[in-house]
Amino acid sequence: MPLFAISFIIVVNVLDTLQQLEHNVYIMNRLTSRQRTQVISALVEGNSIRATVRMTGVAKNTIVKLLAELGVACERYQDRMLRALPCKRVQCDEVWSFCYAKQKNVPADLQGQFGYGDVWTWTALCADTKLICCWKVGNRSASTGYSFIHDLAGRLANRIQLTTDGHRVYADAVESAFGTDIDYAMLVKVYGADRRETEARYSPAGYMGCHSMSITGRPDAAHISTSFVERQNLTMRMQMRRFTRLTNAFSKKIDNHAHAIALHFMHYNFCRVHQTLRVTPAMEAGIADHVWSIEELVSLLDRSARIAA
């Protein structure tokens with residue numbers, strides 16, 4: 001075979017290979033709007049990533065990439081929109097989870113590094129609109145509490161009545177962020193002795209009662225409660241698979257954990273109609289004028305791309 005013919009065949013094969021590579025990279029891994037909607041619909045309804053792979057046929061790495069990009073877009077949008085909130089009564093709490101491994105199983109060389117072991121999500125919920133005003137992913141330290149409460153203070157338009165649990169970090173953080181311009185109370189719940197280990201693994205200690213403490217201002221005793229925000233903790237565990245206890249669906253990377261939380265709160269605030277309110281929390285708070293669809297939520301990716309451009 002002449003040399004020029006061999007060279008021609010080699011060039012054609014190289015071009016074919018490049019075309020196949022371009023197709024695999026830019027076409028096969030690019031999800032349509034419908035596919036994105038299917039993936040996000042599965043995730044916000046409490047399915048794990050592997051279950052979403054089986055349901056949609058989309059590759060695991062592609063789903064993780066979509067979650068990361070949309071999580072960032074959701075966090076930025078809510079950070080911009082959740083301002084000058086008309087809340088009057090706010091409840092705060094922290095919900096536990098873990099990342100990479102349970103705290104007792106974290107390797108010695110990773111001990112003390114955030115993102116390995118215990119992770120706490122601090123949430124602030126408006127008792128009237130059920131809106132999640134802000135959240136903070138971190139540990140249970142004073143620095144995380146300080147940052148969380150100062151973020152909350154910067155998002156409110158009015159003086160509020162605030163209720164938290166008895167975590168000592170709150171008292172100093174609230175004083176630092178609000179001063180005396182707040183009606184603040186703590187609700188301390190009392191539990192009985194732990195049950196036997198075989199029972200306590202699945203059931204909490206018996207609830208014995210609670211007592212409230214007015215810390216600042218004149219909080220209305222009838223509204224000293226953390227019931228709504230504690231109910232939101234259940235919603236988080238039901239709607240995010242990585243928060244479900246005693247499974248292997250826990251977060252392996254802290255960044256993906258934070259992205260999933262941002263997506264969850266975007267869906268909760270703007271897309272999910274509250275059973276009691278009959279509208280979304282964002283509509284009740286006057287931030288949105290309609291119920292967002294999943295397609296509209298996914299379109300935040302395109303908005304972010306336009307802003308970046």
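Mentor: The protein chain exposes about 17,100 Å², and carbon and sulfur atoms supply 53% of that area. This is a predicted model. The chain holds twelve helices and six strands, and 44% of its 309 residues count as buried.

Trainee: How are the contacts in the protein chain spread over sequence separation?

Mentor: Taking contacts with a separation of 6 or more, residues 24 or more positions apart account for 62% of them.

Trainee: What makes Gln91 a buried residue?

Mentor: Its relative accessible area is 2%. Buried means under 20%, so Gln91 qualifies. Gln91 lies in strand E1.

Trainee: Which atom does the side chain of Gln91 reach, and what makes that a polar contact?

Mentor: The side chain reaches the backbone nitrogen of Phe228 at 3.0 Å. The limit for a polar contact is 3.5 Å, so the distance fits. Leaving aside neighbours within four places in sequence, Gln91 is also in contact with other residues, including Thr123, Thr163, Ser225 and Val229.

Trainee: Val229 is in helix H8, then. Which residues of H8 are buried?

Mentor: Val229, Gln232, Asn233, Thr235, Met236, Arg237 and Gln239. The buried residues of H8 pack against helix H2, strands E1, E2 and E3, and helix H9.

Trainee: How do you know that the length of H8 agrees with its number of residues?

Mentor: H8 has 13 residues, and at 1.5 Å a residue they should span 18 Å. The end C-alpha atoms of H8 are 19 Å apart, which agrees.

Trainee: What does the same check give for H9?

Mentor: H9 has 18 residues and reaches 25 Å from its first C-alpha to its last. That is close to the 26 Å expected at 1.5 Å a residue.

Trainee: Why is H9 called largely enclosed?

Mentor: Because 16 of its 18 residues are buried, H9 is largely enclosed by the rest of the structure.

Trainee: Which residues of the largest nonpolar core touch the most other members?

Mentor: Ile40, Leu152 and Leu162, out of the 72 residues in that core. Helix H9 gives the most to this core, with ten residues. Not counting residues up to four places away in sequence, Ile40 touches Leu66, Leu70, Leu263, Ile294, Leu297 and Val298.

Trainee: How many disulfides does a search of the whole structure find?

Mentor: Zero. Cys92 is in no disulfide, and the nearest cysteine sulfur, that of Cys134, is 6.8 Å away. A disulfide needs the two sulfur atoms within 2.5 Å, so this pair does not qualify.

Trainee: How do you know that Cys134 has no bond to Cys133?

Mentor: The sulfur of Cys134 is 6.4 Å from the closest cysteine sulfur, in Cys133, and that is too far for a bond. As for burial, Cys92 has 0% relative accessibility and counts as buried. Cys134, at 3%, counts as buried too.

Trainee: Why is His274 called buried rather than partly exposed?

Mentor: His274 has a relative accessible area of 19%. The cut-off for buried is under 20%, so His274 falls on the buried side. His274 is found in the loop between H9 and H10, and its side chain reaches the backbone nitrogen of Thr276 at 3.1 Å. Leaving aside neighbours within four places in sequence, His274 is in contact with Lys130, Tyr268, Val279 and Thr280.

Trainee: Where is Arg278, and what is notable about its phi?

Mentor: Arg278 is in the loop between H9 and helix H10. Its phi is positive, about 70°, although Arg278 is not a glycine. With a relative accessible area of 67%, Arg278 is over the 50% cut-off and therefore exposed.

Trainee: What makes Tyr100 partly exposed?

Mentor: Its relative accessible area is 37%. That value lies between the 20% and 50% limits, so Tyr100 is partly exposed. Phi of Tyr100 is near 75°, a positive value in a residue other than glycine. Tyr100 sits in the loop between strands E1 and E2.

Trainee: Why is Ser214 called exposed?

Mentor: Ser214 has a relative accessible area of 52%, and exposed means over 50%, so the label holds. Ser214 lies in strand E6. Ser214 and Leu187 are 27 residues apart in sequence and 8.9 Å apart in space, C-alpha to C-alpha. Leaving aside neighbours within four places in sequence, Ser214 is in contact with Tyr184, Ala185 and Pro219.

Definitions and conventions:
Residues are numbered from 1 along each chain as its sequence is written. This is a predicted model: local features need pLDDT of at least 70, side-chain atom pairs count only at pLDDT 80 or more; totals for chains, interfaces and linings use all residues. Side-chain values use heavy atoms; hydrogens and water are left out. A nonpolar core is a set of buried Ala, Val, Leu, Ile, Met, Phe, Trp, Tyr and Cys residues joined through side-chain atoms within 4.5 Å. Buried means under 20% relative accessible area, exposed over 50%, partly exposed in between (1.4 Å probe, protein chains only). Helices (H or I, at least four residues) and strands (E, at least two) are DSSP runs, numbered from the N terminus. Contact means heavy atoms within 4.5 Å. The expected span of a helix is 1.5 Å times one less than its number of residues. Accessible areas come from the Shrake-Rupley method with a 1.4 Å probe; for residues, only the protein chains shown count as cover. A polar contact is a pair of N or O atoms within 3.5 Å; within protein, one must be able to donate a hydrogen and the other to accept it, and residues adjacent in sequence count only if both atoms are side-chain atoms.
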